Amino acid sequence: MSRSSAGHSVIVVPVPELEAYVLERTRHYDDSFVSADPRFVHAHITLLAPFLTSPTSDDLEGVGKIAAAATAFGFVLDDVRLFAGGTIYLHPEPAEPFAALTAELSAAFPQCPPYDGLFEPVPHLTVDHIAGGVDLDSTRTSLAPFLPARCHADRVSLQWYANHGCRTIADWPLGRSPRQGEGADIACIT
């Protein structure tokens, strides 16, 4: 899984309830993707990737409006599944709120098709990959102490992924319109 990355942005729902597990797996595969940013959550469900390399203030405002119009929601991660390419993931229940956010973001940013149009978007939290002794059963065993994970989606984050440069660019709360003069909680845009 180790590969060099100039970087790309991703809109996600952070899942801090599984951060310890996902952070350990990230370190195992490629610690250059471990973020020093305390706001960055490695465990996430992707809504739109890749997103814009250099989003404008209008782009950020558009994401914020979509987040504000959505409602925070609870979900459970307990169903360990496997994609055909060998990615092991947790399927959220319910999945519909994630799919709805992806559809809204895709409609607002048609120049950013989910996964570059290569795959249909399926709400999921990646937990591992079939390789080097890792399989579905071993992953279920290692995840058992964490499951079922009862989670709460309360924000959307714009994250930057790059070797030695993973960080949070902006956060928006779900279900709350920004007060006048208040926009996204922006860390830094490069």
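Helices are DSSP runs of H or I with at least four residues, numbered from the N terminus. Helix 4, at residues 136-143, is one such element of this predicted model. Asp-137 and Arg-140 both lie in helix 4, 3 residues apart, which is about one turn of the helix. The briefing below covers the overall layout of the chain and then its salt bridges.

**Overall layout**

- The chain contains 4 helices and 9 strands.
- Starting at the N terminus, the order of these elements is β-α-β-α-β-β-α-β-α-β-β-β-β.
- The chain has 190 residues, and 48% of them count as buried.
- Among the contacts with a separation of 6 or more, 74% are between residues 24 or more positions apart.
- About 9400 Å² of the chain is exposed, and carbon and sulfur atoms supply 55% of that area.

**Salt bridges: the count**

- How many salt bridges does the chain have? The count comes to 7 salt bridges.

**Salt bridges around Asp-171**

- Arg-39 and Asp-171 form a salt bridge through their side chains, with an N to O distance of 2.8 Å.
- This pair links distant parts of the chain, 132 residues apart: Arg-39 is in the loop between helix 1 (19-30) and strand 2 (44-48), while Asp-171 is in strand 8 (residues 167-173).
- Asp-171 also forms a salt bridge with Arg-155, and here the closest N and O atoms are 2.9 Å apart.
- Arg-155 belongs to strand 7 (residues 155-161) and Asp-171 to strand 8, so this pair, too, links distant parts of the chain, with their positions 16 residues apart.
- Is Asp-171 buried or exposed? Asp-171 counts as buried because its relative accessibility is 10%, and the cut-off for buried is under 20%.
- Both arginine partners are partly exposed: Arg-39 has a relative accessibility of 25%, and Arg-155 has a relative accessible area of 22%.

**Salt bridge within helix 4**

- The side chains of Asp-137 and Arg-140 meet in a salt bridge, at 4.0 Å from N to O.
- Asp-137 counts as exposed because its relative accessibility is 55%, and exposed means over 50%.
- Arg-140 has a relative accessible area of 37% and is therefore partly exposed.

**A salt-bridge network**

- Which residues are joined into one network by salt bridges that share partners? They are Glu-24, Arg-25 and Asp-128.

Key: Residues numbered from 1 in each chain as written. Predicted model: local features only at pLDDT ≥ 70, side-chain atom pairs only at ≥ 80, totals over all residues. Heavy atoms only, no water. Helix = DSSP H or I, 4+ residues; strand = E, 2+ residues; numbered from the N terminus. Buried < 20%, exposed > 50% of the residue type's maximum accessible area, 1.4 Å probe, protein only. Contact = heavy atoms within 4.5 Å. Areas by Shrake-Rupley, 256 points an atom, 1.4 Å probe, with all protein chains shown as cover.
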